[in-house]
Every structure is written in structure tokens, then in C-alpha cells.
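Let's take a walk through this structure, starting with its empty spaces and ending with its backbone oddities. Keep the viewer open as you read.

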Amino acid sequence: MTASTTGRQVEVWPGVPAPLGAHWDGTGTNFALWSAGGTAVDLCLFDPDGTEHRQRLQETTHQVWHGRVPGVGPGQRYGYRVHGHFDPAVGARYNPAKLLLDPYTRAVDGELRLDEALFGFDRRDPGQPDPTDSAPFVPRGVVVHDSFPWDGDQLLRTPWSDTVVYEVHVKGATMTHPDVPPALRGTYAGLAHPAFVEHLVSLGVTAVELLPVHHFVSEPHLLRRGLTNYWGYNTLGYFAPHAAYSSVGSGGGQVTEFKAMVKALHAAGIEVILDVVYNHTAEGDHTGPTLSFRGLDNGGYYRLNGEDPSRYTDYTGCGNTLDVRRPPVLALLMDSLRYWVTEMHVDGFRFDLASALARSMHDVDRLSAFFDVVHQDPVVSTVKLIAEPWDVGEGGYQVGNFPPPWTEWNGKYRDTVRDVWSGAKVGVRDLAYRLTGSSDLYRSDGRRPFASVNFVTAHDGFPMADLVTYQEKHNEANGEDNRDGESHNRNWNCGVEGPSDDPAVVELRARQVRNHLATLLLSTGVPMLTAGDELGRTQGGNNNAYCQDNEVSWLDWAAIDADLWSFVSHAVGLRRNSPVLRQEAFFEGSEVPGSGGTRDLAWFAPGGEQLTSSDWFDNELQTVGMYLDGRGLRLRDQRGRPVVDDSWLIWLHAGADPVDVVLPGAPWGDGYELALATEYATGLPPRPTALPPGPTQLPGRSVWALRVLRTPEPVPHAE
């Protein structure tokens, strides 16, 4: 059939209902869009000068509207207008005056510009639709041809126990990097530039966890204050790489540039994990803009409030919650995940506010449809899956409760380590669990120590340098009168708020940073470093820099703490070279055969004796020795042979004053080599330090990692 347009005639064939989205076949493009309640759908094609041509889609199959347009190919900008009932009181918000983004579009072109036309309802009478055309103010989809020379690139599939994660923002990573060409800074190409890749390789990380790269837009309340959403947890397009991170424009080249970034990182042995936001969208609450899902099928995509369908059930704190109980929404999520694995070659995902995805009617349901579908999916179930195991709803804190094969951001690890080093009198019982993989959280359901993604800082909160410099948050620049951000940070400013020129305070803060990082990198589980912590990055006390797209958030390559970088690189190297520091199985505390009486895991009090039951409940205890026997690993190599490693004695002392400790003698060790000590700026003693068993002194607030030395067994003489 032929549809009338605003200026020219376009032939629209029936096309097919699958796959959803816009797909070019070499001579034309098939468009398919799900909308269960719409009464009519207009496909809107845009000329390079912005002229719009509307085509009514005449075909609908199983609630999918579809049509094929011959001659339309890659680079074509497009959107939709959906006709239907407008009655917010029953959850219906169809308004054909609003141009809508295709949820399945592979690329997005154009900025979101603040205007009253963004809103689907009349601001004076919210029960009536707003008739103003939104097209001049909203982004459009782009038809893309997904051809790319991967040249044999494959997912790396680095074992979890060997993984060291580096959480990083695509833009902030390179915006000030002097060795990245200015045109590439802040882009996918900048992240893949050899100067930045070399930093990752030298540091020893094995995976980057990218803050959201699904195309996102800024909330109207930020735009009104002259700010933007920097972190990106405000998704609009689940298949499209964020266009602003592209150095080659937004006409589809962002897809190729993203793939080239992945390919370059893979070539350096670095996996790519995406932080994904499938729990809510950029459309916000009932007062938010109509950009895509709300106008396509409001009640189909979102969880509406059962008592008042004009409002949304909000488990996310962002105004709405996607309703993954509905098959089309669940299909959208799974199609998106598969696309990023199969077409974009990403190695895994970290799911923001994952508890919101697990909710059925109210409670978090470990057997929800989302989990079931993920587990049986032949693609998604095989990549790295990380849950942020909480949301803002009742019962949403679910650390330890996600099923295999999920790993989790271990919020309890963060809290415990911060408590210990901030001087809170919490004893060592919980610390012992966190240091050894959190068996109390992950063992009962058959998961392994690497189910625990350990972290002390993340994008959300203070960076490491600020954790020891500020007692209070300083978020005034966010424009919310310092009300935003976490107020209870389990931190300590070392006695002075903000920067100090007191040498003693400066040295103490530097040591405290090293203590946190040493604890993280010597713990069993998967460590996650936050980009910039290894450089000494500060946010000036802002612990909620989500809207600071500026020097507050960007890595400052002109102010690098070279000693700290050396310290982190050294600690990562110790970990990567020592299987006993990255266990694949939980410790048993059992005797190691042939060792003379040592155990695979043992805990020592300062006096050299093993901890007693009363010690575990002594909240005043601030010193503990953790002994890991490398001869007791329940690990075999690819040929089935037992893996044997060095043994380690790690002392953690959170007290302010030095403390005398006793290094245990035989059978535990014949001597000890001090391999890392946080009183030194780089972690390395000025000269090799071998210590005999017996008394020694730990400096105040310090971590020591001692490699166990053993006297070789005498070789028997032949008779």
C-alpha cells in the first residue's frame, strides 16, 4: 500500500512482526513495534533537514505493529506516534503529539531539549493530553547496519577467581588524559586508546565495569538547574550505545566505535562488563516526560499503582519500575542482554537495583520469572552476572540471597571494612567472614567465594581519598541544599575536615587509603576497584556526584599519586600470582595433610596463639592475623593435578598505637618475608625483609602481608 506523508509518497509493505526494531535487509527496512493498547501507529521518517514523513502502519500481529519500507536503509532517522485513549486515571497515556523512541533502536540521534512539549499531559489540566508536537525536542532512532570485522574476537571468559574489576566511567576516564588525542577524550575510542589501555594492563585489572552506556538522557529537574545526568542511570534506549560517548557522531557510527573499543580491550586481555539499568526508565514518575515507553503502552511497560493507576509503583527511587512480570517487557530485557553479548561482544553485566527485577507481586522473589529466563538462556546464563542486591522498596536489601550463578556487590563487605578502619569497635568476627569470601552469605546455596564482589568504594559515594578526608558530605554543587547523598558513610577524616597541610594528617590519610586497598586486594572474593582510587582522586567531599559532568568527577591525570599507583599495582600483582589469595572454594579450617599440624585457614591473636571463642566476641579486639596455607588448596589445574602455592600470614591492625605480635613458629613457618606493608608509600619495604618466628611490632593502623618461608627438607643420603 502507499501511505500519505507530509511532502512525499512512501511505499509501505506489510513486513513481518519479528524481530522487533528496525532491521535493514539490503534493499529496505522492516519496522516492528509492540503496543498492546494503541489503536493506530504512525512510523515517522525524518529527512536530514528534519522534515518529518508519517506512514501509518496497517499491519498488526499479536500486538506488534509492523511494515517494511523499501529504499530506507542505514542512517535513516525515525520514531513513532501512537494513537489511543488518554485517561491517566486508568493508566492510559497515548498521545500522538509526542514523538516516541523505538525501544529496540540500535542507535540514537539528537539531544533531549527541555520544553513543555516533552510532557504528554496538559500542565494546567493533567487529565487532558497536551497537543504540542514534541518532535523538535526529543531524540530519534537510527537505522543501523551491524557489520563489523571482529577478526576472531571472542568473549574472554576469565575465571571469576582470577578477576579484578575496575569500575570506570567512559567519559571521565580520559577527559583530561594528556596522551589521548583531544578529539578522542571522553569517548569509546578514548577508552580504547593505547595510553589508557596500558594503564589498565600495568595496574593488573582484568575487567572494566562501565557505568551505564545504554543511551540515556538527563532528568528535567537537572536540566532546569543547568546540570546533566553524568552517571547515566536514566536509560532511554536499551540497545543503543550512548551517543555522546562517540567521537564519530550519532548517525550509527557509535555502534562501530563501541565494538572497536571492546575489540581493543579484549586484545589486551580485559573483559568488558556493562552496568545496566533494567529496573526503571528515563521517563520518571507521573509528572515526567513522554519519550518512549509511556506513550507506547504505559500500562504494559510499567508497574502501575493498583489503588491509583495514574501513579507508578516505585521500587527504584527514580519514579517508576519496569514491569518484568509481563512477557513483552521480559522479552525486551532478554533481547537486549543477548544483543550486547552476541553483537557487541560484552563479557557480562552488573544489574543496577537488581532486587527490583526480582519482585513478583511485592516481595523479592528468588524464583521470579526474570531469574528463570536468565538461567535457561543459552547466551546470557554463560556470561558474568553481577547483582546490586538491593532496591529502595520494603524488603529490598537482599545481600546473599540471589541464586546461582549470580554474584553480588557485597554491601556488607564495604560496611565492615569501613567500620574497622574508621575506628569503630566492632571486633574481628564479621571481618573474618568478609576477608575469606563471606561464607555466611554465599555458601549455603552452593555458590563459591567469588559470588562476593568485594568493594570499599564505588561510583556512588566518596572516592577513597575523600573517605579519609571528609567526615561530612559536601554536595552543595548538586543544587539540593546538601540534602542528597548518603549521610552515614562509616568513614573517618583523620581528625581534620577537608584538605590539610599537617604532615602527620597527610601521612595518616595516605596510610588509611593503603589499608583499605590492601584489605580489599588480599581478601578472598572478587575485588572491585573504583577508577581513580589508585591515583588519589578526590571529589572535594561530594559523595553524590551523579550530576557533575566536570572536573569533580573526571579522573585528574595531572594530579597522580605515583606512589599510590605503585602500591595498588604491587598488591594486585601479589594477588594475581598467588592462588591462595583468590580461592575458588571456601576454607574449611581443617588440618592440611603432611603439614605437621597447620590448617588451610587459621586465625592468630597478637600473642601468637590461635583465637578463642571469646576472642571472636570481643569488640575491643583490633588486631588479627590470618594464616592461609597454600598447601591446602582445593584446586586442581587443567590436568587434574593439585595446585600448591606459597602460604601467607596477613596481619591487620586497626589500633592507633603500635602493637607487639608474635609470628608463629613451626609448623606454621620457619620464617617470614614481608611482601607488603602499608606503612610504606609503595607497600614495599626499603629492602627485602625476612623476619624470624617470634615477637615483632606492627605499626599503628597497618596491614602486613608476610610470605611464609620454609626450610627445605634435607635430602636423604644414599647408603
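What follows is a tour of pockets, cavities, ring pairs and a few unusual backbone spots. Keep in mind that this is a predicted model.

Start with the empty space. Rolling a probe the size of a water molecule over the atoms shows where empty space is left. The largest pocket holds about 1400 Å³ of space. A total of 50 residues line that pocket, and the closest to its centre are W231, T316, C318, D460 and N544. If you'd rather navigate by secondary structure, look for helix 4 (220-224) and helix 10 (411-422), the elements that give two or more residues to the lining of the largest pocket. By class, that lining divides into 16 nonpolar, 18 polar and 16 charged residues.

Helix 10 deserves a stop, and R414 is a handy place to make it, since R414 lies in that helix. What does R414 touch once its neighbours within four places in sequence are set aside? The contacts are W390, F455 and V456. For a sense of span, pick V180 as a second point: R414 and V180 are 234 residues apart in sequence, and their C-alpha atoms are 33 Å apart in space.

Now for the enclosed spaces. How many cavities of 30 Å³ or more are there? The count comes to 6. About 150 Å³ of space lies in the largest cavity. Among the 15 residues that line the largest cavity, H169, H459, A531, R537 and S553 are the closest to its centre. Strand 14 (165-168) and helix 1 (170-174) are the elements that give two or more residues to this lining. Its make-up is 7 nonpolar, 6 polar and 2 charged residues.

The second largest cavity holds about 80 Å³. Which residues line the second largest cavity? One set is V420, A424, V426, G427, V428 and L431, and the rest of the list is L621, Q622, V624, L652, H653 and A654. By class that gives 9 nonpolar, 3 polar and no charged residues.

Next on the tour is A432, which you'll find in helix 11 (residues 429-435). Is A432 buried or exposed? With a relative accessible area of 8%, A432 falls under the 20% cut-off, so A432 counts as buried. Leaving out residues up to four places away in sequence, A432 touches W603 and W616. There's also a long jump along the chain to look at here: A432 and G625 are 193 residues apart, yet their C-alpha atoms are separated by 9.9 Å.

On to the aromatics. The structure holds 35 aromatic pairs, and one worth zooming in on is Y339 with W340. A pair of aromatic rings is described by the distance of the centres and the angle of the planes. For Y339 and W340, the centres are 5.9 Å apart and the planes stand at 85 degrees, so the pair is edge-to-face. Both residues are buried.

Rings turn up in another kind of arrangement too, with a charge over the face. The charged end of R123 sits over the ring of F119, 4.3 Å from its centre. Lysine gets a turn as well: the charged end of K384 sits over the ring of W160, 5.0 Å from the ring centre.

Last, the backbone. Most residues other than glycine have a negative phi, and most peptide bonds are trans. Here are some spots to check against that. The peptide bond joining A18 and P19 is cis, with omega about 0 degrees, and P19 lies in the loop between strand 2 (10-11) and strand 3 (21-24). A cis bond also runs from A666 to P667, where omega is near 5 degrees. P667 lies in the loop between strand 27 (659-663) and strand 28 (671-677).

As for phi, R157 has a positive value near 55 degrees. R157 is in the loop between strand 13 (140-142) and strand 14. R490 has a positive phi too, near 55 degrees, and its place is in the loop between helix 13 (464-467) and helix 14 (503-521). How accessible is R490? Its relative accessibility is 26%, so R490 counts as partly exposed.

Key: Residues are numbered from 1 along each chain as its sequence is written. This is a predicted model: local features need pLDDT of at least 70, side-chain atom pairs count only at pLDDT 80 or more; totals for chains, interfaces and linings use all residues. Side-chain values use heavy atoms; hydrogens and water are left out. Helices (H or I, at least four residues) and strands (E, at least two) are DSSP runs, numbered from the N terminus. Buried means under 20% relative accessible area, exposed over 50%, partly exposed in between (1.4 Å probe, protein chains only). Contact means heavy atoms within 4.5 Å. On a 1 Å grid over the protein atoms alone, a cavity is a set of points where a 1.4 Å probe fits but cannot get out, and a pocket is an open set with protein on both sides within 12 Å along at least five of seven lines; lining residues have an atom within 4 Å of a point. Grid points are joined across faces, edges and corners, and a volume is the space filled by probe spheres set on the points. Ala, Val, Leu, Ile, Met, Phe, Trp, Tyr, Cys and Pro count as nonpolar, Asp, Glu, Lys and Arg as charged, and the others, Gly among them, as polar. Rings of Phe, Tyr and Trp (its six-membered ring) pair if their centres lie within 6.5 Å; planes under 30 degrees apart count as stacked, over 60 as edge-to-face and the rest as tilted. A charge sits over a ring if NZ of Lys or CZ of Arg is within 6 Å of the ring centre and within 35 degrees of the ring normal.
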